[in-house]
Each structure stands twice: as structure tokens, then as C-alpha cells.
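Welcome! Let us take a friendly walk through this protein, with a look at its charged pairs and then at its inner spaces.

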Amino acid sequence: MMGALARELDAACAAHGPACGLSDRGGALTLAELAALAGSVEAALRGAGCRPGEPVAVQVSNRARDLGALWGIWRAGAVAAPLHRTSPPAVTQRLLDRLQARFIADADPPPTAGPLTVLDRPEPPVRPLLRDAALIVFTSGTTGQPKGAVLSHAALAGKLAANNTLLHFGPGTRTLLVLQITFSFGMWVSLLTLSRGGWLHLEEKFEARRFLPALAAGRITDVALVPTMIRSLFAAQGDPELRRQIDELGGLQHLRRLLTGGENLGTTLGQRLKALFTQAEIVDIYGLTETSTCDFFLLPQDQARYSGCIGRPGPGIAYRLADGQGNVAARGEPGELQIRTPYLMNGYLDAPDLTAQAVCDGYFRTGDIAREREGGVVELVGRSKELISRGANKVSPLEIEHVLAGHPAVAEALATGVPDAVLGERIHALIVLRGGATATEAELGAWAAARLERYKCPDRIHFGTELPLGPTGKSDRNRLRELLSRR
């Protein structure tokens with residue numbers, strides 16, 4: 001059965017004609033041309049015996065044709081699991097095993113290949129969790145292994161509609177995407193643009209020197225960014241130089257809005273951004289993959305008074321703040337932010353225990369500590385989870401530690417995030433070597449790079465004789481963070 005997202009794209013194709021489409025550095029495609037690509041992927045899957053609800057891995061790297069592969073998978077009634085083309089083979093193999101996938105779709109394959117690779121695997125079991133599912137998005141967790149959040153067509157289509165009551169994407173929207181579509185922020189921005197008849201331009205990665213020219217060349221109205229990209233833009237060129245470039249490009253008067261998320265924008269960075277793009281609105285968004293993203297919005301009218309907050313809940317969203325015992329926190333007191341939403345994930349793939357732990361009385365446990373300001377505005381004050389926020393990517397330190405500890409020279413490993421002016425945090429790891437063993441930072445870095453996605457690899461590796469311990473005798477990640485922050 002065709003999924004709701006495929007039907008929405010089909011309807012957009014019929015309603016908006018050639019003015020709706022997408023482009024990358026290799027050229028442009030109308031939505032009708034993308035639909036033809038989707039048809040080839042759908043036909044290949046059906047011909048290979050793909051059944052409804054079956055997971056299909058899909059190769060993506062922010063190429064325009066990648067959206068055709070997703071569309072084709074949904075037309076076939078299957079579930080898309082985006083995997084980045086540059087992922088190390090060990091990472092790809094691990095995720096394929098987790099999916100038990102027998103198909104890899106690619107709408108932009110090498111010249112001698114077709115849109116589908118069939119793996120020598122048995123047909124996977126029927127998973128009720130994947131009924132009417134659209135996406136499986138792998139997200140880091142405190143277990144040390146990526147969790148596969150299963151998102152339904154109903155949840156995603158509903159969230160797109162809810163978002164658009166605030167954002168008003170339409171046929172005149174021209175969106176620049178520098179976020180990866182392997183992540184939920186990049187995915188919903190892409191789908192909202194195309195399904196509402198807009199034009200989407202994709203860049204394979206963010207490059208500070210190309211960013212302003214891309215805004216001008218594409219006559220961009222909307223762009224989605226994470227704060228790391230904004231900091232990189234300022235760090236690379238500085239405010240006066242950026243201002244000069246914007247003036248030379250005609251002021252970028254077509255730019256109406258900057259969408260930010262992934263981590264809090266903050267007061268200072270927000271002010272610098274507004275001073276640079278004076279005519280554009282800034283919308284700061286907080287959300288999680290498991291809730292189909294976009295749970296809170298700090299809209300322009302709240303920016304001055306509530307700068308640094310995550311804003312107010314979006315349409316259909318309820319929340320509560322819970323104390324350490326799971327009770328609602330006293331008024332004015334901080335507590336764990338928990339979200340009740342009609343757009344909640346189906347669950348984590350093949351992990352019912354983790355799914356049960358993530359949801360309490362119908363509320364998703366974010367792991368973020370927040371407090372309520374006057375007027376129903378929410379402000380984050382900390383994180384109860386130990387995830388590292390590097391460039392707005394959430395990275396599990398346990399996953400890094402497991403990989404490093406697998407090296408034959410390593411006895412123990414401890415990873416943490418250290419504050420950084422550009423990335424928010426950089427990943428540092430402390431290594432204790434086995435007796436008599438030797439290893440260099442470069443050697444361990446290469447070991448990690450072969451087994452982890454690039455954004456999860458340590459920025460620095462340190463060596464010591466022991467790990468810092470806490471009062472209970474366990475390794476203390478926060479203590480390591482404090483020690484490294486002083487250097």
C-alpha cells in the first residue's frame with residue numbers, strides 16, 4: 001500500500017507542474033522528472049518481491065535524485081532507512097544487519113548499475129512496528145548503540161501539516177538545504193518544501209565560503225541551519241567581511257527566514273545573525289527524531305523577550321516537567337522535559353525495552369532539563385543524558401568508547417564532549433593502553449574512522465595511566481570533561 005508521504009508528493013507533482021522541483025550542483029529536476037525516477041525504484045522493488053512494510057536501505061548524500069529513491073520506496077509500500085554514501089563499510093554493514101535488509105536503493109547509482117542492489121539475505125521477519133512506517137532513522141543513545149526510531153507516514157505527514165500552520169511554505173518557497181537528509185531536520189525541511197509546491201536546492205555539505213553565493217544564485221527564501229554552521233560562517237570570514245559580501249550580492253533581499261535547530265541558538269549568536277540578515281526572520285526550533293521533530297518554536301515575536309529559550313509548544317504538543325521520581329515538578333522548579341504528541345514514533349526497531357523506557361504515561365522522555373518561564377515559554381537548563389552535541393549531531397560517548405576499546409592496544413577508553421566555540425562541543429577521548437602496548441593518536445584515529453561515521457570520530461585522543469573516577473569508583477565522564485576543559 002502506498003504511503004501518505006508518497007501520495008502527498010504525487011499530489012504536489014500534479015498540482016504545481018514544472019515550477020516545483022529541486023536542484024543540486026549537477027543540475028535541476030522538475031518534480032515530474034523526480035517522479036519518473038521514483039517510478040523506476042518502485043518498479044525495481046516490486047519486481048524483486050519487496051513486500052509492504054519491509055525495510056529498504058537507501059543511499060543518500062544530499063543529491064537531488066536521492067529524494068526520488070525515498071519516494072519510490074514509499075510508493076512500493078516499503079520503509080526507507082537512509083544511509084550516507086560516505087559511511088565506512090563497517091558502519092553500513094552494521095546497520096544493514098540491524099535492519100535485516102535485503103535491498104539497497106539508489107536513484108543516483110554508478111553508470112553501470114541499476115537503482116536496486118539485492119543482497120544475499122533471507123526475507124526479514126514481519127515486524128508489526130513497521131506497519132505504515134515511512135522512515136527508520138538511526139539516532140545515538142545512552143546504550144552506546146544507535147537506536148532505529150521508526151516513524152510512521154501518519155506521524156510525519158501530520159507533523160508537516162502542523163509545521164506549516166506556523167511556517168507557511170508554498171509554491172513561492174525556495175529552500176536551500178545544507179543539512180543532511182540522513183537526519184530528521186534535513187528530511188522534514190525537504191519534504192515540506194516539495195510537498196507544498198516549492199523549490200529545493202541541495203548542497204552535499206555546508207561550506208562557509210559557498211554559503212552566501214548559494215543563497216544569491218538560488219534566490220533562496222528559506223534556509224535551515226544548525227548553530228555550528230552559523231559559528232563557522234562567522235569564524236571563517238568575520239562580521240565586516242560577511243556584511244560586505246551581502247552588500248555586493250544585493251543584500252539578499254529575497255531571503256525571508258532562517259530556521260535553526262539541533263542545539264539552542266543562544267542570545268549572542270542570535271543577535272549576530274539578526275544583525276547580518278536584517279530583513280530575515282529567525283525561527284529557532286527544538287525537537288527530537290522520536291517525536292518527528294519540531295516540538296517547540298521560538299518565533300520572531302518572542303525572540304527579544306525570551307532569547308535563549310526553546311519557545312512555545314507547536315500545534316498538538318503538550319509537555320510536562322518531571323522531577324527525579326517521575327512526579328510533576330513543583331511550579332517554577334526545573335525538571336525533565338517530557339512531551340506528549342500525536343506524532344510520536346512507533347518505537348525503536350527491535351527494541352521494545354528501550355521503547356518502554358523512553359515513554360512514561362504517554363509522554364516521551366527527552367532527557368533535557370527545563371524550566372517554564374512566564375507565558376508558557378520553556379527554557380532548557382541542562383541535559384540529564386550524557387550525549388555529546390557536536391555540530392548539533394547527538395553522539396553517544398559509549399559508542400565511541402566501545403569502538404576504541406576494541407583496538408588490541410587499548411585497555412580502557414573514556415569519551416566526553418569539551419566546549420568548543422564553533423562546534424558547540426568537540427569529542428575528546430582518554431585512552432589507557434594495555435601493559436607493554438603502544439599506539440599513537442593517529443593510529444587510534446584511523447581505527448575509529450574505519451568503524452564510525454565521520455561526525456562521531458574523536459577530535460582529540462589523549463593518553464593516561466588511569467581514568468578519572470567518581471565517588472562510587474566508576475569512571476567519571478563529567479570529571480574528564482572538567483579536566484580537559486582547563487587545558
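Which residue forms a salt bridge with D106? The partner is R85, and the closest N and O atoms of the two are 2.8 Å apart. Here a salt bridge means a side-chain nitrogen of Lys or Arg within 4 Å of a carboxyl oxygen of Asp or Glu.

A word on the basis of this report: the model is predicted, local features need pLDDT of at least 70, side-chain atom pairs count only at pLDDT 80 or more, and totals for chains, interfaces and linings use all residues. Residues are numbered from 1 along each chain as its sequence is written, and side-chain values use heavy atoms, with hydrogens and water left out.

**Charged pairs**

Side chains of opposite charge can pair when their charged atoms come close. A search of the whole structure finds 41 salt bridges, and three of them are set out here.

| Salt bridge | N to O distance |
|---|---|
| D106 and R85 | 2.8 Å |
| R244 and E248 | 2.3 Å |
| D459 and R426 | 3.5 Å |

D106 is buried, with a relative accessible area of 12%; buried means under 20%, exposed over 50% and partly exposed in between, using a 1.4 Å probe and protein chains only.

R244 and E248 both sit in helix α9 (residues 239-248), and because they are four residues apart there, about one helical turn separates them. Helices (H or I, at least four residues) and strands (E, at least two) are DSSP runs, numbered from the N terminus. R244 is partly exposed at 37%, whereas E248 is exposed at 58%.

R426 lies in strand β25 (residues 424-433) and is partly exposed, with a relative accessible area of 29%. Its salt-bridge partner D459 is in the loop between α13 (441-449) and β26 (460-463), 33 residues apart from R426. The side chain of R426 also joins that of D420 in a polar contact of 2.9 Å. (A polar contact is a pair of N or O atoms within 3.5 Å; within protein, one must be able to donate a hydrogen and the other to accept it, and residues adjacent in sequence count only if both atoms are side-chain atoms.)

**Inner spaces**

How many cavities of 30 Å³ or more does a search of the whole structure find? There are three, and the largest has a volume of about 80 Å³. On a 1 Å grid over the protein atoms alone, a cavity is a set of points where a 1.4 Å probe fits but cannot get out, and lining residues have an atom within 4 Å of a point. Grid points are joined across faces, edges and corners, and a volume is the space filled by probe spheres set on the points. Residues lining the largest cavity include L135, F183 and W188.

Note on methods. On a 1 Å grid over the protein atoms alone, a cavity is a set of points where a 1.4 Å probe fits but cannot get out, and a pocket is an open set with protein on both sides within 12 Å along at least five of seven lines; lining residues have an atom within 4 Å of a point.
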